[in-house]
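Got your viewer open? Load the model below and get your selection tool ready.

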Amino acid sequence: MISTGNIGLDLVLRGGLPANRLYLLEGAPGSGKTTLALQFLREGARLGERVLYITLSESREELRVVAASHGWDLEGCDVFELESAESIFGDRREQSIIHPWEMELGETVRLIQDEVERVRPTRIVFDSLSEMRLLAQDPLRYRRQVLGLKQFFTGRDSTVILVDDMTGTGEARDAHLHSLCHGVITLERLTLDFGAARRRMQVQKLRGVDFVAGYHDMVIRKGGVEIFPRLVASTHQGDFIEDVVPSGVEELDNLLGGGPLRGTSILVTGPAGSGKTTIALQYLNAACERGEPCTVFQFDERIATLTRRAKAFNLDLDRHLEQGCLVIQQNDPAEISPGEFAARVRYEVEQRGAQMIVIDSLNGYMAAMPQEQQLVLQMHELLSYLAQKGVVTFLINPQHGLVGTMTTSLNVSYVADTVMLLRFFEAGGRIRKAISVLKNRGGMHEDAIREFRIDREGVRVGEPLRAFKGILTGTPEYTGSSAPLMEDRTDGI
């Protein structure tokens, strides 16, 4: 096996490509084929191998520009640039009684073979098959030439990547190419209704290798193509102690029988302004106080706004950020893909050792992936991964509307282990907030409804309020006495 020079692709391929074989790298223009091919050759050059880039479609200068855009140079890479047919043959083409394209294709193949014999490379990129198809004109002759190239490279201790931009192709030709090659890698570029274009790749075949099948998101940034292997939760097992995770507010923990268990996910749902984020931050602040690394993936608010609001509730997140115990990542909904988001989560868990993750909010997560058809399945796989790593995950789920029947755009309540419901209610001439736990797979939980308040000293949870009706409909009404209701703290706050 040899490395492709791309960490993500090597993971998808379970280590790399079998050496001395012929592979097809196909994709529409702009999907990242040239960049990925250059990464493959640069890895060989780094290892001291002779590498050769045969280009029929791009000039040496165009390749240099592509490399420079990623901060690379072509040092150590032999580039064989086939010029136009006019410069190869000059005016002799017009004097021939046979078709010019018959001479062009044969001469082109001969020149390629001569260059390979001269350089004797261990890695070759042939870019691209579209030009050979154009020179051949006849599909049968084109197929014979591709087969001839494969036979020529066989036994020469060379790993060859054929690049195809798939222009003017049909199913029959694709099937023929796929059958000739030892492996096929397909790159795709998708244009969304809004935001940046999305890119993804898949390995369609690779003989003798149990690769990770399916689509894998990717991006092209300065430095090359970055591929995010599809998350498969079952391959990430971890050992941890399933102890409770307290919040520092005893009454809040009592709702969950002492607190959530490690490896569980908590869905905090309710209308805007009901305190969902603050409840999650209360648990996160307590974890940071214990020295446990935590991460917040923020979709809706700016980081400065979040930390300022938390400080108003006696939660000093700035201190935890300075100490490195807390990381807050601002995610741009128009730029990130599901695969990249999962990769960011994995980095925080596996590299930083994060033990608590807050995703704020699911609406923002959904907005980041508006055309993803399997969003709930992706979330389920992500939560399964976090559960196996012993991470406590808080999912903030805003509901539409403030009062009355409320709905949500992404129903993941059945995926989460615990569902915490927040509601507004009216009593004593004031708008108040109620908190209750609807389910808790991690163990016992209270079935009571409690009032809670958030002030300058933090979160307060009151005694159970039993004289309620209508809280699950979204229009709760308190009909009991005023004795259990919470008032301002004695210091007048």
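This tour of a predicted model makes two stops, a helix and then an arginine.

**Stop one: helix 8.** Select residues 139-153, the 15 residues of helix 8. Put a distance between the end C-alpha atoms and you should get 21 Å. That agrees with the expected span, because 1.5 Å a residue also gives 21 Å here.

Now colour Tyr142, Gln145, Val146, Leu149, Phe152 and Phe153, the buried residues of this helix. Turn the view until you look straight down the axis of helix 8: the buried residues fall within an arc of 120 degrees, so they line one face. The spacing makes sense, because an α-helix has 3.6 residues a turn and residues three or four places apart point the same way. Swing round to the other side of helix 8 and pick Arg144 and Gln151, which are exposed.

Before leaving, step just past the end of helix 8 to Gly155, where phi is positive, at about 85 degrees.

**Stop two: Arg262.** Jump to the loop between helix 10 (250-254) and strand 10 (265-271), and select Arg262 there. Is Arg262 buried or exposed? It is buried: its relative accessible area is 12%, and the cut-off for buried is under 20%.

Show side chains next. Which side chain makes a polar contact of 2.7 Å with that of Arg262? It belongs to Glu292. The side chain of Gln355 also makes a polar contact with the Arg262 side chain, at 3.4 Å.

To fill in the surroundings, display the other residues in contact with Arg262, including Phe240, Ile241, Glu242, Asp243 and Val245. Add Gly390 and Val392, which are also in contact with Arg262.

Key
Residues are numbered from 1 along each chain as its sequence is written. This is a predicted model: local features need pLDDT of at least 70, side-chain atom pairs count only at pLDDT 80 or more; totals for chains, interfaces and linings use all residues. Side-chain values use heavy atoms; hydrogens and water are left out. Helices (H or I, at least four residues) and strands (E, at least two) are DSSP runs, numbered from the N terminus. Buried means under 20% relative accessible area, exposed over 50%, partly exposed in between (1.4 Å probe, protein chains only). A polar contact is a pair of N or O atoms within 3.5 Å; within protein, one must be able to donate a hydrogen and the other to accept it, and residues adjacent in sequence count only if both atoms are side-chain atoms. Contact means heavy atoms within 4.5 Å. The expected span of a helix is 1.5 Å times one less than its number of residues. The arc is that of the directions from the helix axis to the C-beta atoms.
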